[in-house]
Amino acid sequence: MDVVLRPAGADDVPLFQRFAVEPGLIGLDWNGFRDAQSPVRRYAEDGFLGPDDGRLIVRSGDETAGFVSWRSGSFDGRTKYWEIGIALLPEYRGRGIGWRAQALLTAYLFEHTPIYRVQAATHPENVAEQKALEKAGFRFEAVIRGCEFRGGRMRDGYLYSRLRDDPDPVLGNGSVTGSGEEAVREPLAD
Ligand SMILES: CC(C)(COP(=O)(O)OP(=O)(O)OC[C@H]1O[C@@H](n2cnc3c(N)ncnc32)[C@H](O)[C@@H]1OP(=O)(O)O)[C@@H](O)C(=O)NCCC(=O)NCCS
């Protein structure tokens, strides 16, 4: 399977706008309508590639499947980690793209930033994301109690992480390697 991460182009802005205004498209993370012009401004500002957060488009073959994202956080106010996220369009889910895209993004962040920890949070009912994170080499860490307001009430979250020293996930018969080029490509087919 050919999964590639690449920077967003102007043609990708409508994809981000869809996720801002189409109820449910993003799945359980739907939190109401968002400013659909925000992606337009952000693309003009830095192409979604800032020092503290970013997005890359997930491509599968010749098709755009969705996007991955990351943003910085810190527990002690000094030591940064990345928190990653992903949203695939419904028709691309359940095809092995999600775990590979998150594995590729993590490899990319470890290769290009001096970060030690990459974390990801998901919902107790999001079994697909839990499995995808584990296949991407993440470990379950904890239940984060009462951490988000969603669907009319406060809810728990599940926290996962991968540290720089953790083993790489196996993709097909090889492991993920990041790339410093304009795209990040899975090197081996499954
Ligand atoms: C969550 C998401 C990224 C997972 O990516 P995906 O491409 O659908 O998942 P994959 O095909 O890589 O599958 C990974 C694992 O999850 C399993 N899986 C996939 N969809 C599943 C589902 N609906 N229910 C249960 N397990 C599922 C797969 O079988 C696989 O596990 P296996 O190898 O043990 O069989 C994707 O479904 C998505 O974008 N969902 C909407 C947005 C979202 O929820 N983002 C995460 C927010 S925290």
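**A first look at this protein and its ligand**

The protein has 4 helices and 10 strands. Keep in mind that this is a predicted model. Going along the sequence, you'll meet these elements in the order β-α-α-β-β-β-α-β-α-β-β-β-β-β. Of the 190 residues, 29% count as buried. Among the contacts with a separation of 6 or more, 56% involve residues 24 or more positions apart.

**Strands β1, β2 and β3**

- Start with β1 (residues 3-6) and β2 (residues 53-60): they run antiparallel and are joined by 4 bridges.
- If you want a spot to look at, find Val3, which sits opposite Ser60 in β2.
- β2 also pairs with β3 (residues 63-74), again in the antiparallel sense, this time over 8 bridges.
- One of the residues to look for here is Val58, whose bridge partner in β3 is Gly66.
- The hairpin of β2 and β3 has 2 residues between the strands, and Gly61 takes a positive phi near 60° there.

**Val58 and the nonpolar core**

- Is Val58, in strand β2, buried or exposed? It counts as buried, because it has 28 C-beta neighbours inside 10 Å and the cut-off for being buried is 20 or more.
- Val58 and Leu5 are 53 residues apart along the chain, yet their C-alpha atoms are separated by 4.8 Å.
- Setting aside neighbours within four places in sequence, the contacts of Val58 include Val3, Leu5, Ala65, Gly66, Phe67 and Val68. Leu88, Ile97 and Ala101 are also in contact with Val58.
- The largest nonpolar core has 37 residues, and those touching the most other members are Leu5, Val58, Val68, Ala101, Leu104 and Leu105.
- At least two residues of this core come from each of β1, β2, β3, β4, α3, β5, α4 and β7.
- Which element supplies the largest share of this core? That's α3, with 10 residues.

**Helix α4**

- Glu129, Ala132 and Leu133 are the buried residues of α4.
- Looking down the axis of α4, you'd see its buried residues fall within an arc of 100°, so they line one face of the helix.
- What do these buried residues pack against? They pack against α3, β5 (117-122) and β7 (153-163).
- Val127 and Lys131 are exposed, and they sit on the face of α4 turned away from its buried side.
- Just after α4 comes Gly137, with a positive phi of about 90°.

**Around the ligand**

- There are 23 residues around the ligand, and Gly27, Leu88, Gly98, Ala128 and Lys131 come nearest.
- Which elements give two or more residues to this shell? They are β4 (80-88), α3 (97-112) and α4 (127-135).
- Helix α4 gives the largest share of the shell, 6 residues.
- By type, the shell divides into 10 nonpolar, 7 polar and 6 charged residues.
- Some names turn up again from earlier topics: Lys131, one of the residues that come nearest to the ligand, is also one of the exposed residues of α4. Leu88, likewise among those that come nearest, is in contact with Val58.
- Two helices are worth a second look: α3 gives the core its largest share, while α4 does that for the shell around the ligand.

Conventions. Residues are numbered from 1 along each chain as its sequence is written. This is a predicted model: local features need pLDDT of at least 70, side-chain atom pairs count only at pLDDT 80 or more; totals for chains, interfaces and linings use all residues. A residue is near a molecule or strand if its C-beta atom, placed from the backbone, lies within 6 Å of it. Ala, Val, Leu, Ile, Met, Phe, Trp, Tyr, Cys and Pro count as nonpolar, Asp, Glu, Lys and Arg as charged, and the others, Gly among them, as polar. Two strands pair if DSSP finds at least two bridges between them. A residue is buried if 20 or more other C-beta atoms lie within 10 Å of its own, exposed if 12 or fewer, and partly exposed in between; C-beta atoms are placed from the backbone. The arc is that of the directions from the helix axis to the C-beta atoms. Two residues are in contact if their C-beta atoms, placed from the backbone, lie within 7 Å. A nonpolar core is a set of buried Ala, Val, Leu, Ile, Met, Phe, Trp, Tyr and Cys residues joined through C-beta atoms within 7 Å.
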